[in-house]
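Hi,

Here's the structure I promised to pass along. Have a look at it first, and my notes follow underneath.

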Amino acid sequence: MKSFFPRLVLVLLVLSVVQIARAQTSTEALPDGRTAATVARTDLPNLVRRVKPSVVSVLTYDAKGEPLISGTGFFVRPGEVLTNMHVIKGAHRVEIHTLEGKGRTYPVAGALAVDDEADLALLKVDLPADRSKPLMMTTSLPDEGEQIFVIGNPLRLEGSVSDGIVSAIREVPDLGRIIQITAPVSHGNSGSPLFNMRGEVIGIVTVKVTNGQNINLALGVARINSLPRGELISFDQIAARNKSTTQPEVLAELWYRGGIDSLWLGNYDSALNYFETAANRNPRRPETWIQIGYCKVKQGRNEEAIRAYKRALQLRPDSAEAYNKLGDAYFFGGRFDEAIASYRQAARVQPDQPEAYYNLALAYLETGDRESAMAQSRTLESLAPDLNKKLLAEMKQ
């Protein structure tokens, strides 16, 4: 009995140390930089207070000074506000209204960049530099189920906050990743920043309507970062840009945009009908054939997709996107050697494109060449560490 109590004390001491260690691990960083404790007590009000001054209302007017539609934007650089292209379309004059304090209204000089396909417009705002508070952006895609929040101006209710989760992530070729969210959005939310729970922008909200219902979608940040800035364009110039286009190209563009809208919503059958009609109107546009191939892969029609991608490459031989997608069609058709050749060509055309190395690694794994797959992982680590982590996780399965 004399040795029992010392041993009991020793056991209790060990258990105490274990409990302390467990408590400490709750404050250690998770792979995404957060801690378990932080996740458990996320303070959304503090996040909102921090980022809200960087969000603005975008107000548009016609030539007579009558109000048109309103939307949302946010500062990406001092004096530069990002919003949706459709918010300013047809406007003669544009203003922004800031949300900090009582807010102030500033004139917009014009657009530094427009991207019709991605529905993006970069606005130049005349205001003091210290009034601009650019938001932090991250190209890291969120996980499905991850919590997010939106700040915008639905129905002119300025600075409204809504939250939810990421319900799905889709791809639109030549456009980027589409993030579907459960956070409620309405007209006026177009151009709103989509935030993760670290207050980083992960996308820009674009309101899409189908069957009378809003579908809550956002375009991932990668497309925003690739938006080229040029000379200042007036809003009258933006409105006049398409008037010189020939009629067949106008009709083809309308059908193409309809297909893009369907892809945003994940409706591949409808999108294919739009794109095939666009190709009939203007068969010289390589992006149309890429979209046709993508829709046919989604339908399991891989041989037809291969033909569409080859048509795109005839029109644009240096398209890394077309080579990547051609590789996908071969991959899903079980033609792995041809898939590898296509992915390697995509990497040669665009060496800094992470997707090609990720796809190559998966194709090599299908052929049993694990050593070559690991070589792609080493290249991918320097280009896109998050995507490489996903690859390594899949290689362990």
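Let me start with strand 6, which is mostly covered: 5 of its 6 residues are buried. Do keep in mind that this is a predicted model.

Where does strand 6 sit in the overall fold? The model has a closed barrel of 6 strands in the order 1-2-3-6-5-4, paired antiparallel. From one strand to the next, the twist averages 40°. In that order, strand 6 comes between strand 3 and strand 5, and I went through both sides.

On one side is strand 3 (residues 80-83), which pairs with strand 6 (residues 120-125) in the antiparallel sense over 4 bridges. If you want to find the register on screen, look for V81 opposite L123, and for L82 with L122 as its bridge partner.

On the other side is strand 5 (residues 105-115), joined to strand 6 by 6 bridges, again antiparallel. Here V114 stands opposite A121.

Strand 5 and strand 6 also form a hairpin, with 4 residues between the strands. Which residue there takes a positive phi? That would be D119, with a value near 60°.

As a general reminder for looking at the pairings, strands of a sheet pair through backbone hydrogen bonds, in either a parallel or an antiparallel way.

Cheers

Terms used: Residues are numbered from 1 along each chain as its sequence is written. This is a predicted model: local features need pLDDT of at least 70, side-chain atom pairs count only at pLDDT 80 or more; totals for chains, interfaces and linings use all residues. Side-chain values use heavy atoms; hydrogens and water are left out. Two strands pair if DSSP finds at least two bridges between them. Helices (H or I, at least four residues) and strands (E, at least two) are DSSP runs, numbered from the N terminus. Axes are lines fitted to C-alpha atoms, for helices over the stretch in contact, and angles run from 0 to 180 degrees between N-to-C directions. Buried means under 20% relative accessible area, exposed over 50%, partly exposed in between (1.4 Å probe, protein chains only).
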